[in-house]
Amino acid sequence: MMATTACFIIVSRNDIPIYEAEVGSAAKREDAAQLHQFILHAALDIVQDLAWTTSAMFLKAIDRFNDLVVSVYVTAGHTRLMLLHDSRNDDGIKSFFQEVHELYIKTLLNPIYLPGSRITSSHFDTKVRALARKYL
Amino acid sequence: MEPDVSIETSSMIRIAVVPIGTVPPNLLREYHSMLLRHQTIPLSAISSFYTEHQKSPFAHQPWDSGSLRFKFVLGGSPPSPWEDFQSNRKILAVIGICHCPSSPNLDSVVHRFNATSRTYASSLASRCFAFCPGDLQLEDGAKKAENLVLFPPADNQTQEFHLQTMMQDMAATLLMEFEKAVLKAESTGTILKTPLDSQASLSSEEVIKAKKRRLARAQKTIGDYCLLAGSPVDANAHYSTALELARLTGDFFWYAGALEGSVCALLMDRMGQKDSVLEEEVRYRYNSVLMHYRKSFIQDNAQRVSPLSFELEATLKLARFLCRRELAKEVVELLTNAADGAKSLIDASDRLVIYVEIARLYGTLGYQRKAAFFSRQVAQLYLQQENRFAAISAMQVLAMTTKAYRVQSRASISKCSPSNDIGSSHADGGKVPHQSVVSLFESQWSTLQMVVLREILLSAVRAGDPLAAWSAAARLLRSYYPLITPAGQNGLASALANSAERLPSGTRCADPALPFTRLYFFPLHPSQMDIVKRNPAREDWWAGSAPSGPFIYTPFSKGDTKDSSKQDLIWVVGEPVQVLVELANPCGFDLRVDSIYLSVHSENFDAFPVSVDLPPNSSKVITLSGIPTSVGPLTIPGCIVHCFGVITEHLFRDVDNLLLGAAQGLVLSDPFRCCGSAKLRNVSVPNISVAPPLPLLVLHVVGGDGAIILYEGEIRDVWISLANAGTVPVEQAHVSLSGKNQDSIISIAYEALQTALPLKPGAEVTIPVTLKAWKLGSVDADATSGKIPSGSTGRHLKDANSPTLLIHYAGSLANSGDLTTNLFAVPPPGRRLVVPLHVCVLQGLSFVKARLLSMEIPAHVGENLPKPVYMENGSAKDVVGSESKIERLVKIDPFRGSWGLLFLELELSNPTDVMFEISVSVQLENSRNENSADQEAAEYGYPRTRIDRDYSARVLIPLEHFKLPILDGSFFMKDFQSDGSSDCKNFSFSEKNIKAELNACIKNLISRIKVRWQSGRNSSGELDIKDAIQAALQTLVMDVLLPDPLTFGFRLVRNPSGHASKVDLPVESNIQVHSSASKGSVWAHDMTPLEVLVRNNTKEIIKMSLSLTCRDVAGENCVEGSKATVLWAGVLSGITMEIAPLQEARHSFSLYFLVPGDYTLVAAAVIDDANDILRARARSDSPDDPIFCLGSPYLVRVIGTV
């Protein structure tokens, strides 16, 4: 079952979004996509405090606005994988985050990739979308 | 819903503040702020105004520590349907504010005020404060209505005090009114209703309940008044009763209300002291409040009215109470719930209020992004209202979000945080640690940023604020042009233009739009204007102070590679300066920059504006110029641009940061690269200071400033004209040289320059400089071997090789008198003019080869040996030429006995397209040879040799004889001194030494030979052939300089026994073609006695075996053989002789010539036991070889008839 609305975003430790993807099955609307980003951006404030209260990387649903829930996964390097979704499927989201984390680490290992800069690899994008279909 | 609610709100007395008559807005604001200072009136201060009319219901009023609190509502507010539920919602008092000068008629003021206060039914007290009354008004104001209070004009403090008194009076009045209200509420059973109460009629069972319920509500209301009266203990007592009753009757809504009141009473009682126990209590009670509000939700009237807003309000109150960083999680949870609840609110304005409050609370918590998110929600709600005031509010709210989204207007940045310029330090230094580069571009949420800016633009347009619209459009276009379609870019451009139309011309905006500007090149001083610090203590005042440029030599050829971090640059008052700036328009429309000029904040610079048109996606380098106007430091942070109708400042630093980010891949795009401009350049603005006027020398070469084209070795005078273009006379000037080929400048007329000083402004002086073209090296010969070097490579080489004139000059040492020179209080600096002489050297005559030619002309046999002096009429003249001067040079080698001539033959070719004439001169020296001591130093010229273009020619240079008189070991001195006893010598080694010893002699010789050339009328020079000659001489140097070990001479023996007369006669009668008689002629058929003289030129005894021969013209030996034509007497061969050092030996013999004609006598000897010197001289390798000495031939002319 795929979530009707989901927006995935990776935020670098400098609070710059380095990867964005609308992975929901709902029809894409521009203003909705903007709202998603606004919600995720605002949720950073909460993550910022919450990340230090637990040793777990997966922070579960930390914020919500209307029907949209924000789940966050914080890597050791304080890169945040943030997912905005309307479904309640914690296990799937957790698996999704873990696999994307792995992908992200592979990207980091690329010597040409400057940590903190935008991830432009189309391979990464394909993989993330495939994972989203699989888990969300 | 009400904005700005907190738990304490329940204890605040709401007072409407309404303007009466016309009050200018700014004054109204001022009066309001005066009132705000009296929000809290201590009970102790009002006791003097308070009279207890009856027994006060507030039994436990804390007169010494309590206070009344006011909440001023500017403009008042309509009555709320929930007034009965919460008494603090009532407007309990009205304050009118009147500005007397604008409302002269006090009667009408009183009238109007009364009318206004009547609209507030709940009001218990009213006052009209009239400020700034005139004298007349003061007079009759006193007898007006008692609620009109006049504030006579006075100083601030007095007025403040007056107002305080009035407020205390009002507080006392209110307190007394509260007492009345409470007493009334206790006695009469007023029906207290809320919109929530069912409109339906009550059932019988309900009637009984309603009575109790009414009682509960009355108790709650009394509790409210107690709170307002500042008596928490009383309030608490009433609330407890109310709670009990409400619980019993199931009146959850009022229960919750009473509970809220009790919490407020609790806090009031604690007087602001918070501890964890209190916090826990508040949290517990409020959770109960929330629960009961939720319980009071009645389904059947949910469409019309709902307690939800009270629940949300209570949530916000709790959140505000808990709002601390440590409790962030809890507060966030509350606020999230509130936000969730906002969805279900019926009234849009309620939702607006709750979003506003949520945003504010998040802001207090330090969650700026959350705050921004809800602020934007607020703005969106405003924008849905589609009216101008809502749009203004939306715009203002959005403006607050810009900081969190990092799209703030520069105006607000500079206002609130001047230290926010993170990039300032980075732009200067080239290297920035990666981390800080990233931090420069923190939060590049471009999607959000664009949305926010677009919303600001939209709201600003709706609100009719053209400047805000312009600013938003500018930020949007400048920062996000790569993400905007060309159509969108055009839309923004027209938005900018439309906004500008509504703005007065000359409006400034803090946010730059287009174009992007960056410093392209900051010209340091042109080398003509270098400024040098002056050291007045020294004669050479420029010494010790580094030149202002980074390069000692040619700063102009490589001026763009400046990597030095910060340079000091001095500009001069009144002298125009230029800065190159690159502009880029990365958008898809034509950009017209109405004017652009350098921005200088120090106000000592006149910048000249220029206007530029930039086509789509293009960049352009323009020159911006200006004139410094006064002495002092000067900074150029950027450019002022007038574009799209608004004036903006474009800082270089911003673009530098942007480019830095682009280089790291952190920014969307580099505007310059996408316009096809070159890659990132790091040009920094130097520290500029402006100096007082200085003299300015301008130089030009008379006859054109083009390159001076010279052939190799050409000598030419060049005239250099120096003019003072400054406004100050030149008092000191000094010329020096630098660069390559300095020795090519033979002379500079320093005196001409010195005598022209001081050089007044506008004056000019011309000084001659003599140049001698240098020899082309192998490298630049390739480049310039073409006829005329016109290509760029040729030019470059020419510049690199040319010498440079450095002219240091300065004005007067003393200050010019006025005090403008305080910065340079010591001496005004001097200047340096660097003039590269553009000398272009063309290949001239080229030297092919040189060789040494030797020639011998046999001597005539006479009675005497040839004299060591040179002769007037040597027979060699035919060979050399007919000029007597040349003859004089040719002399007979005293020891060799015959003419030995040495010529240096130079082969020259002329690859140029002009004709050259060569003349050779030799400078003679009398000290050269002891045998020619009587020679005078003189110069001898030889006839000119002409070499046409593309031809070669040979030039003969006669060399004197340089032979040394003695062949001895001194020549091999070093060799023999080191190991004199040793016989075994390494010859090659000693030869090396010979060469070394001889080098000096050769150099001396060479230096006296000058080969001059002339081409055309005004081109002449000298050929540098020293190396060539040296090379030519090197191999034959021994032959040139060293005498043979033995010299042989023949002579006729006068008066030999019995033949004297015979011999004499023919000798006397011998008539030559030339006038002077030759005594050496011999008659045929006569016995001729001859003598051979052998001279030992060494310092050793030489043993040898001598032989003599005679040859005829054909070279046949005519002494021996069958056809001998000469008979002889005496010994002719195998004569063994031994000659003492430097002595001569003779051997006599006689010849009888049978046939007249020319004969040649030759002597030869084989030296026995030759020593090393001889072997070295003979270049003999093996010690066993016989050393053979051949004398020079002697000519014998035999006359007579056949």
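**Pairing, packing and contacts in chain B**

In strand β3 of chain B, B:L68 is the residue that stands opposite B:I41. This pair belongs to the antiparallel pairing of strand β2 (residues 40-42) of chain B with β3(B), which extends over three bridges; here two strands pair if DSSP finds at least two bridges between them, and helices (H or I, at least four residues) and strands (E, at least two) are DSSP runs numbered from the N terminus. The model is a predicted one, in which local features need pLDDT of at least 70 and side-chain atom pairs count only at pLDDT 80 or more, while totals for chains, interfaces and linings use all residues. Residues are numbered from 1 along each chain as its sequence is written, and chains are lettered from A and ligands numbered from 1 in the order in which they are written.

Strand β3 (residues 67-74) of chain B also pairs with strand β1 (residues 12-20) of chain B, in the parallel sense and over six bridges. Within that pairing, B:K71 in β3(B) lies opposite B:R14. Strands of a sheet pair through backbone hydrogen bonds, either parallel or antiparallel.

Seen as a whole, chain B contains 31 helices and 47 strands. Of its 1202 residues, 41% count as buried, where a residue is buried if 20 or more other C-beta atoms, placed from the backbone, lie within 10 Å of its own, exposed if 12 or fewer do, and partly exposed in between. Among the contacts in chain B with a separation of 6 or more, 75% join residues 24 or more positions apart; two residues are in contact if their C-beta atoms, placed from the backbone, lie within 7 Å.

Among the helices of chain B, α12 (residues 348-365) and α13 provide a packed pair to follow. Two packed helices are described by the angle between their axes and the distance between the axes. The axes of α12(B) and α13(B) come within 7 Å and cross at roughly 160°, with each axis a line fitted to C-alpha atoms over the stretch in contact and the angle running from 0 to 180 degrees between N-to-C directions. The two helices are therefore roughly antiparallel to each other, the word used for angles over 145 degrees, whereas those under 35 count as roughly parallel, 65 to 115 as roughly perpendicular and the rest as oblique. Their crossing is left-handed, in that the near helix is turned anticlockwise from the far one by less than a right angle, a clockwise turn being right-handed. The residues that meet include B:L352, B:Y355 and B:V356 in α12(B), and B:F374, B:V378 and B:L381 in α13(B). By class, this contact has 11 nonpolar, four polar and two charged residues, with Ala, Val, Leu, Ile, Met, Phe, Trp, Tyr, Cys and Pro counted as nonpolar, Asp, Glu, Lys and Arg as charged, and the others, Gly among them, as polar.

Helix α13(B) leads on to the contact between the chains, which takes 23 residues from chain B and 22 residues from chain A. On the side of chain B that touches chain A, at least two residues come from each of α11 (328-343), α13 (368-384), α17 (434-440) and α18 (446-463) of chain B. It is α11(B) that gives the most to this side, with five residues. The residues of this side of chain B divide into 11 nonpolar, seven polar and five charged.

Farther along chain B, an open sheet of five strands has the order β7-β18-β17-β12-β14, with mixed pairing. Strands β7 (508-509) and β14 (610-614) of chain B stand at its edges with a single partner strand each, so one side of each is left without a neighbour in the sheet. Within the sheet, β17 (residues 638-643) and β18 (residues 646-651) of chain B pair in the antiparallel sense over six bridges, and B:H642 stands opposite B:I647 in β18(B).

The loop between β19 (687-691) and β20 (697-701) of chain B holds B:P695, which counts as buried because 26 C-beta neighbours lie inside 10 Å. Its C-alpha atom is separated by 6.0 Å from that of B:T727, 32 residues apart along the chain. Leaving aside neighbours within four places in sequence, the contacts of B:P695 include B:N724, B:Y809 and B:R831.

B:V1094, in strand β40 (residues 1087-1096) of chain B, is likewise a buried residue, with 23 C-beta neighbours inside 10 Å. The C-alpha atoms of B:V1094 and B:G1049 are separated by 6.5 Å, although these residues are 45 residues apart along the chain.
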